[in-house]
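The exercises below are meant to be worked with the sequence and the coordinates side by side. Each task is followed by a solution that goes step by step.

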Amino acid sequence: MSSPAGPSRIGGLGPRHRKPPTVEPRVPTEDYDEEHERLTTNFNHPRNRSAIEQYMEAPHAKQITVVVLTVLAFIVRFAKLNHPDQVVFDEVHFGKFAAYYLRREYYFDVHPPFAKLLLALAGWFVGFEGDFDFLNIGDSYSANNVPYWGMRALPAILGSLTVPVVYYIMQECGYSTIIAAFSAIIILFDNAHVTQSRLILLDAILIFFMSLTIYSYVKFRKYRYHEFTFDWWAWMLATGVFMACTWSSKVNGILTVVAVGIAVMVDLWDLLDWRKSDNERITKHFLARVVGFIVVPLIFYLFFFWIHFAILTHSGTGDGFMSPAFQETLIGNELLMNSHEIRYFDTITIKHVNTKNLLHSHPQRYPRDYPDKRVSSQGQQVTGYPHEDENNNWIVVPTKALPETGRGRIVRHNDIIQLLHVQTDSFLMTHDVASPGYTTHQEFTTLPKDQMHRYNETLFHLHLIDGYEGQVLTTKANHFKLQHAVTTVYMMLPGHELPDWAFNQQEVNGHRQPEPEGSEIWVGDAIVAGEHLDELDERLGNQKDRKPKSMNFFSKFIQLQDLMFAHNAGLTASHPYASSPSSWPFAKKGISFWTQNEGHKQIYMVGNLVGWWTAAGAVFLIFGIFPASIFAERRNIPVLTESVTHRLWNSCGFFVVVWVVHYAPFFLFSRQLFLHHYLPAHLASALIAGAVLNFICTETINYPISYRGLDTPPKPREYADLGVKGPVFVGVFTLLQFSLFIFMAPLTYGTPGLDGDEVNRHRLRKSWTLHFASKEMADL
Amino acid sequence: MRPSEVTLNFGTPQDSPRTSSDFEEIPYPHHWPSSQGQPEELPLHYMSEETTRRRVHQHPPPGPAGYADYPVDPTGQDDGGKDVYAKMRQSHGSLGGGRPRRLPPPPPTSVREFVSQNLEHIPPVFYTLFSCWTRFHGIGKSDVVVWDEAHFGKFGSHYLKREFYFDVHPPLGKMLVGLAGLLSGYNGSFEFKSGEKYPDHVPYVAMRVMIATFGVAMVPLAWYTAVELGMSWKACHLVALMVLLDVGWLCISRFILLDSMLLFFTFTTVFFLTKFHNQRYYPFSFDWWMWLLFTGISIGCVTSVKLVGLFVTALVGVYTVEDLWHKFGDLKMSLRDQLWHWGARVACLIITPIIVYMITFKIHFLILNHSGPGDAQMSSLFQANLVGNDFARNPLEVAVGSKITLKNMGWGGGLLHSHVQTFPVGSMQQQITCYHYKDENNDWIVLPRWDEPAYDPNAALRFLKDGDVIRLRHSPTLRNLHSHPIPAPITKLNHEVSCYGNETVGDVQDHWKVEVVDDIKRGGKSKFDRIHSLTTRLRFSHVHLGCYLRAANAVLPQWGFKQIEVSCDKENNPEDIRTHWNVESHWNDRLPSGNAKFYRSPFLRDFWHLNVAMWTSNNALIPDPDKFDVLASTPFDWPFQHLGLRMCGWADFQVKYYLIGTPLIWVGSTISLFIAVLLLGFYLFRQQRKYADMEPREWDHFLYVGKIAFFGWFFHFAPFLVMGRVTYIHHYLPTLYFAVLMFAHIFDHFFFSAKRFSEKTKNIIFGVNVFLQLAMFYWFKELAWGIEGPVTEYKHRGWRSSWNLYN
């Protein structure tokens, strides 16, 4: 361990050289002595503590507590793990994704891959070959010989291990065994956590890594007087790695990163004072944080994606989300198999990428008058139409001289082309007339072949997306934009349905700045006729032999990130079991995971009301205690000892930050939200509950808890003592929590079935929507 | 902030080697005792005052000697790491900043002295005159109804005709429009159709001038606010000039719109607040009370013009909370004074605005005592008391066979409605909604159950009683009110309510049980038997499913024409007023017409009802995803002028107005906000590192003006981001004021009040700034004064390609 007072500190200016701490003088009053007595003599000798406290703080008592908690956690999470032998709730997704890994087929999901990779690994471990599709909730596993219990075991193991991690977080923060056990028990016998851990879902994995992140950060913080030592680095890197695992398990893991980020910034802000650190020291600290909390997590995050791409090498359900260049890297994908280069005078169909509509025209004309008193050109309609039709056929006509045969006839990037509508023998054009649905957009229509005086208006500039000079236009593989040569508008399909006069087809129009994004992107769908169609297969060599192309990992990664972000924001459809964040802390509404009519069995994911209300109450209390403490200090009223104040703000304050960061952002998200999004915040509230219980029960605390540095000034040690009331409270609480857990077990484990009256009895809150409730409910 | 210890200067350059060592070095005391009064003037041989000041702790002094000077805070490195309270103790007892205290001048003895004492009032007089010119110049050039004049002109007319109307904005602004109409001799007979030419009898020029007067007053208010904020003279000029020369503010002030009043009252609120701030050393003096009270009244007025006024209220709120927090920490203040301070804020800043707001509604109700287009938004009883309403002549007691309309009694509730359109989801049957507009689609006929003999118009009358099971047939489409176990389209946990079947087809799911809650006039339900229209509160329970007919404040999508969803609620909650209905209109030829005297609807009830209705309608103004609104813009389009707004038709023969600001003012002020945030971060960073860049007073002033400007801007901007409703560029106009204050503040901080620049440099910077503003105003003035002829002649005004000035 190197001495921090190295040569880096000029002239001994560092914090280590300073006077021993002095007690801030207080104004002497009548009660001063008594008050001072109370505030300074906090059980400076461990033997002064109550017997039960001394017993519980003994090392073997702690070990026994952890073992008991862990064993219980495994028992409640593994009990009846094989029931139901059917697909439950989001196993539809995550089981399926695991299967895709085992089949190596590319898929797309809004969540990063780490947790799903773990699930796939668990599946592989128990011999699952990915030959099951997890199509619907209720599909039978046993009928399809799926070793589902092995995949469920992984979240169950991690979910069980979360309990001792929570215990150790509290322990490391200096709370007594009883308090630490209390926090752990809130998680241990919680129906929501248990339900979530017993199924092939991501949340248990997310929560496990989140708790590990918090644990490592606490450890790191405790080593702060040993800066740049091995332990210090090790715990910082551990924090970074676990943070990356959390974030890579599920998108909302990013919140853990934010929570730790806030703590790190506060930490750095404190170090900024030049009395504590000169320029060199603060720079070193800053750079160390950058490495530990940014670079390392980022590398791990990237690494998981690298594995993701390395495994998924075959074409699969996710192809369609990706760019053509990406799709061409997948074995057996359609682009590779069916993409052909387009030559002039080929007849092709053109598809709108976002909406899958084909560019269409028919002899019907735009009506002269629109309802808003504008008039049209009465030209032939050009629309988007999703079905196959003769009217979708267009011939690509060159605007330059072509050689008789050969490569010169290929359509290339930046060519100026005309599109001839085959059925009506007219050219696609646009002009300065407002489109039917938009006053700001140009109308698209066609021009009969013989009207040569408007030739210029039929010219379109072909831009391939990310195209290079001379790049060949192929079907399916190249997305392109068509820009009108005269008015420079792009041909786009904004997603507006035309009225009856256009058979409710989609409007096609033009604008310089197309919105929504991507609405101007088209792709050649197929070559339906051409001069030498028989040689189509030979144009690009033998299709069957084509090798998948390669693509830079970072381009793949960035593309996937963009898509994940866009799709996550797009999950706004309403869902009967979706709930608003404000209803979460009190478990107002649960989620029906699974039902079975025969035997009236169901799984209903909802929290244990005893634990949730206790935790929520603790959060309310802490939001009362903080202001009260600030107000008291503002009026200079001494209430708390220094050690208790520090614990309240630094340790409990960190938990509150974790809670707020994992909860508040959901109020801003407009996407679909479910109760299980609260589980990480619930874990934080369990930590808060422990801290609050300690605060209520006693004015004592184990202090100091940070590892003392070589020249950290000594502090008088203090020892926590909960007396008898702490253990009694925790005992009663455990009893209540456990009883309710058992009472709710039929909903958590999905067995045994409940008849109508029993369901009504289990409906502890009116807002819970359980299935199979008996009829009279409505008349109550 | 540390006291300026730099005064220790022995007049020797520090780097000069000592030539003699024959005297003993005595360390100077490191904390100059403040009780000794002013630190003595020390010779400043070669350092300017500015340099001296900035030399404080620039670098940690090397060596142990330096260490001794800066005792380390003992709590700085303890187990907690950070001392939460140390920072709080640093703060001063009271907010600093603002205009420096000045003694009142002695009475002038000569004209020259009088003038010199009142020099600060001369510039605003000139600015006001200029402002009159810009605001009134060619104000009647466009003789058609421009933009929202179509709304606000019409609402003004309703006051003159005294007909009740409904609008999402509170009434003060529109009453002032009405007043302007009254004063200019307008009789209220014009329809104000958008784009229509004003007929001769509408004195629109006079009305516009009166409204524009509010815009004129913005300029002197801005000047005096800047003065009260304690800005330097140049900065004050800058603020006044920017308010004068912005074409956006100019343009919006020249029409019959509410924005100029909103801006005016926003400006007055800030002005009064700064006035009040400068009274902080004379608490409970007459002036102190006056400015505090004026602030409250001004808040009431601005909120009564548009609810946007709540944003400036938030600014005052934050200021007050901070102020009181300082008072709370002042241990020397007596409890009595504490309570007085708190009480004064509550009385002046909470109760007064609420009273002002309510008074405007009281006047609103007093003026609009005739039946008009907005009746349906109000409760049935309120409508019955309007002159020209025929509810009183409706038969009183409802019987089977009566044709009725049903009014939901929830706050802002509408009439039970159905129309031929069907649900695109769920059962696909005919829609049931709740709707405020009165038409025959609201008419329902009370009929007996399917298993009873059909209604016979000649049989004895059967009056409706509590517990009767009936069918409700929709009069125009002949379908029956129906519910079934299909999730409702929005409130998915409730059952869908639809209109189903016809005169002969139907089932038990058409049966509804009438449950009487009570009667407003006659009391509890045990006291009467028959159901009366208007006053009896009813609930409709679905016989088959046991659910209750309920109209929540959920708005249906475009397929339901944004009307309110009606569903059947499984929970039986008798207190839920959204399940309460009353019979509103009632027609039955076999019953005698009533002649009831209704008891008046209480004011507070109407007030609350109207406010909920306003709030609901405001939230329903959401952008339609299927429609491309060329006028609308999103908040991020505003600060950098991404989009402008065409205020009228764009044909060559029309006078055209384009709402966009002067680019220097808009973009420059936005940039200044970013700079301010960076600057604050920079200074805080330096402070945490324990460098002293400013004296306490300077720092307080920097913070005070910065906070007013930044929080004002933030509170006027951020809510639009989270608001679901459609937004337009004119929503940024009040916001802009705070950005302008920040612009001047940043210039003041960097240049005008900085000591490192010579007076000449400052003048040049000021001059260039003013010149650019004038030039840009000159360049863009036609956008606000009206473009005549083809717009292409103003080709080069389109500075950004995204402005739809030409195409």
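## Exercise 1: Chain A as a whole

Of the 780 residues in chain A of this predicted model, 58% count as buried.

**Task.** Describe chain A by its secondary structure, its extents and its division into domains.

**Solution.** Begin with the secondary structure, which in chain A comes to 22 helices and 15 strands. Next take the principal axes, along which the C-alpha trace of chain A spans about 105 × 75 × 60 Å. Then turn to the domains: domain 1 of chain A is made of two stretches, 30-307 and 580-762, while domain 2 covers 341-538. Finally, the centres of domain 1 and domain 2 of chain A, taken over C-alpha atoms, are separated by 56 Å.

## Exercise 2: Two helices

**Task.** Compare the end-to-end distance of α9(A) with its expected span, and do likewise for α14(B).

**Solution.** Helix α9 of chain A, residues 203-222, has 20 residues, for which 28 Å is expected at 1.5 Å a residue, and the distance from its first C-alpha to its last is 29 Å, close to that value. As for its surroundings, 20 of the 20 residues of α9(A) are buried, so the helix is largely enclosed by the rest of the structure.

Helix α14 of chain B, residues 335-367, has 33 residues and should span 48 Å at 1.5 Å a residue; its end C-alpha atoms lie 46 Å apart, which agrees. The course of α14(B) should nevertheless be inspected at Ile351(B), where there is a kink of about 30°, shortly before the proline Pro353(B).

## Exercise 3: Backbone geometry

**Task.** Locate two cis peptide bonds in chain A, and two residues other than glycine with positive phi, one in chain A and one in chain B.

**Solution.** Start with omega: the peptide bond from His83(A) to Pro84(A) is cis, with omega near -5°, and Pro84(A) sits in the loop between α3 and α4 of chain A. A cis peptide bond also joins Tyr703(A) to Pro704(A), with omega about -15°, and Pro704(A) is placed in the loop between α20 and α21 of chain A.

Continue with phi: His600(A), in the loop between β14 and β15 of chain A, has a phi near 50°. Its relative accessibility is 34%, so His600(A) counts as partly exposed, the range for that class lying between 20% and 50%. Leu534(B) has a positive phi of about 70° although it is not a glycine, and Leu534(B) belongs to the loop between β9 and β10 of chain B. With a relative accessible area of 2%, Leu534(B) is buried.

## Exercise 4: A cavity in chain B

**Task.** Which elements of chain B each supply at least two residues of the lining of the second largest cavity, and how do the lining residues divide by character?

**Solution.** The structure holds 17 cavities of 30 Å³ or more, and the second largest cavity has a volume of about 110 Å³. Its lining includes Leu534(B), together with residues such as Trp411(B), Arg605(B) and His609(B). Sorting the lining by element shows that α15, β1 and α16 of chain B each supply at least two residues. Sorting the lining by character gives five nonpolar, five polar and two charged residues.

## Exercise 5: A buried loop residue

**Task.** Is Phe164(B) buried or exposed, and where is Phe164(B) found?

**Solution.** Phe164(B) is found in the loop between α6 and α7 of chain B. Its relative accessible area is 0%, so Phe164(B) is buried.

How values were computed
Residues numbered from 1 in each chain as written. Chains lettered and ligands numbered in written order. Predicted model: local features only at pLDDT ≥ 70, side-chain atom pairs only at ≥ 80, totals over all residues. Heavy atoms only, no water. Domains from an automatic or database assignment. Helix = DSSP H or I, 4+ residues; strand = E, 2+ residues; numbered from the N terminus. Expected span 1.5 Å × (residues − 1). Bend = angle between axes of the 7 residues up to and from the residue. 1 Å grid on protein atoms, 1.4 Å probe; cavity = no way out; pocket = protein on both sides within 12 Å on 5 of 7 lines; lining within 4 Å. Points joined across faces, edges and corners; volume = space filled by probe spheres on them. Nonpolar A, V, L, I, M, F, W, Y, C, P; charged D, E, K, R; others polar. Buried < 20%, exposed > 50% of the residue type's maximum accessible area, 1.4 Å probe, protein only.
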